[in-house]
Amino acid sequence: RYDYIVFPNIFSNNQKNEERLDINEIIKIIKKDKRSKKHFNEKILNSKEKLSMKQLTEYNRVSGYLNKIFNRLNETYFENALTKPVITIMSTPRAYGHVSVYEVWLSEEKGRRELNIGAGTLNRPIENVVATMLHEMVHIYCMENGIKDTSRGGAYHNKRFKEEAERRDLIISYDSRIGFSITQPSDKLIEWCINEELEEIK
């Protein structure tokens with residue numbers, strides 16, 4: 001269930017336009033240049049490699065920023081007690097994020113859980129991204145402390161989850177399908193983001 005990773009397209013709008021322009025330039029070159037097909041293929045391949053490197057660089061930048069946020073939240077709300085997971089950025093349909101029940105990553109001969117933030121949700125206000133991160137961290141806290149906070153395969157969040165989340169400056173609302181899962185940042189968490197000088201993810 002959590003044994004793969006995809007590098008998503010997390011470019012800003014300007015970067016997407018830049019990507020389209022690069023491809024259009026290649027098409028123009030192909031139309032004008034009458035040399036061998038091999039030459040055309042080399043131009044296309046080189047352009048794709050550049051785009052892949054740009055995408056990987058952008059992924060690493062955002063991943064590093066999310067790791068920084070995790071560390072600060074862990075210190076503020078969990079007294080650095082949480083075992084650090086591997087933080088990933090993947091598309092998560094119908095969800096802002098998830099955390100794996102099992103330690104699905106092996107790092108330095110130790111198992112680590114996966115905490116994923118949905119790639120398509122990073123353009124929200126930073127306090128909402130932080131609230132999602134903190135929501136998943138509460139799940140880790142509950143798992144590490146033997147607190148059963150969900151049922152129905154992890155989909156339904158019970159009152160134990162609500163209590164632990166609200167202790168950490170999250171506002172939790174109820175939904176009949178997923179329980180006490182709908183998460184918003186409180187004013188206190190928003191103030192924390194300001195004090196930490198966190199910026200929007202672009």
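Biologist: In which order do the strands of the open sheet lie?
Modeller: The structure is a predicted model, and its open sheet has 3 strands with mixed pairing. Strands are DSSP runs of E over at least two residues, helices are runs of H or I over at least four, both numbered from the N terminus, and two strands pair if DSSP finds at least two bridges between them. The edge strands, each pairing on one side only, are β1 (86-90) and β2 (97-99). The order is therefore β1-β5-β2.

Biologist: Which residue of β5 is the bridge partner of Val86?
Modeller: β1 pairs with β5 (residues 114-118) in the parallel sense, over 5 bridges. Among the residues so joined, Val86 has as its bridge partner in β5 the residue Glu114.

Biologist: At about what angle does α3 run to β2?
Modeller: α3 (126-144) lies across β1, β2 and β5. Axes are lines fitted to C-alpha atoms, for helices over the stretch in contact (heavy atoms within 4.5 Å), and angles run from 0 to 180 degrees between N-to-C directions. The angle of α3 to β2 is about 15 degrees.

Biologist: How many residues lie between β8 and β9 in their hairpin?
Modeller: β8 (residues 170-175) and β9 (residues 179-185) run antiparallel and are joined by 6 bridges. In one of these pairings, Ile171 has Gln184 of β9 as its partner. The number of residues between the two strands of the hairpin is 3.

Biologist: Which element supplies the largest share of the lining of the largest pocket?
Modeller: A pocket is an open set of points on a 1 Å grid over the protein atoms alone, with protein on both sides within 12 Å along at least five of seven lines, and lining residues have an atom within 4 Å of a point. The largest pocket holds about 1200 Å³ of space, and of its 38 lining residues the closest to its centre are Ala95, Gly97, His98, Gly154 and His157. β2, α3, β6 (150-151) and β9 each supply at least two lining residues. The largest share, 7 residues, comes from α3.

Biologist: How many charged residues are in the lining of the largest cavity?
Modeller: A cavity is a set of grid points where a 1.4 Å probe fits but cannot get out, and the whole structure has 1 of 30 Å³ or more. The largest has a volume of about 40 Å³ and is lined by residues including Lys84, Glu103, Arg112 and Arg113. β4 (110-112) and α3 each supply at least two of its lining residues. Beside 2 nonpolar and 2 polar residues, the number of charged ones (Asp, Glu, Lys and Arg) is 5.

Biologist: What average pLDDT does the chain have?
Modeller: Residues are numbered from 1 along each chain as its sequence is written. Local features need pLDDT (the predictor's confidence in each residue, from 0 to 100) of at least 70, side-chain atom pairs count only at 80 or more, totals for chains, interfaces and linings use all residues, and side-chain values use heavy atoms, without hydrogens and water. In this chain, 74% of the residues score at least 70. The chain average is 82.

How values were computed:
Points joined across faces, edges and corners; volume = space filled by probe spheres on them.
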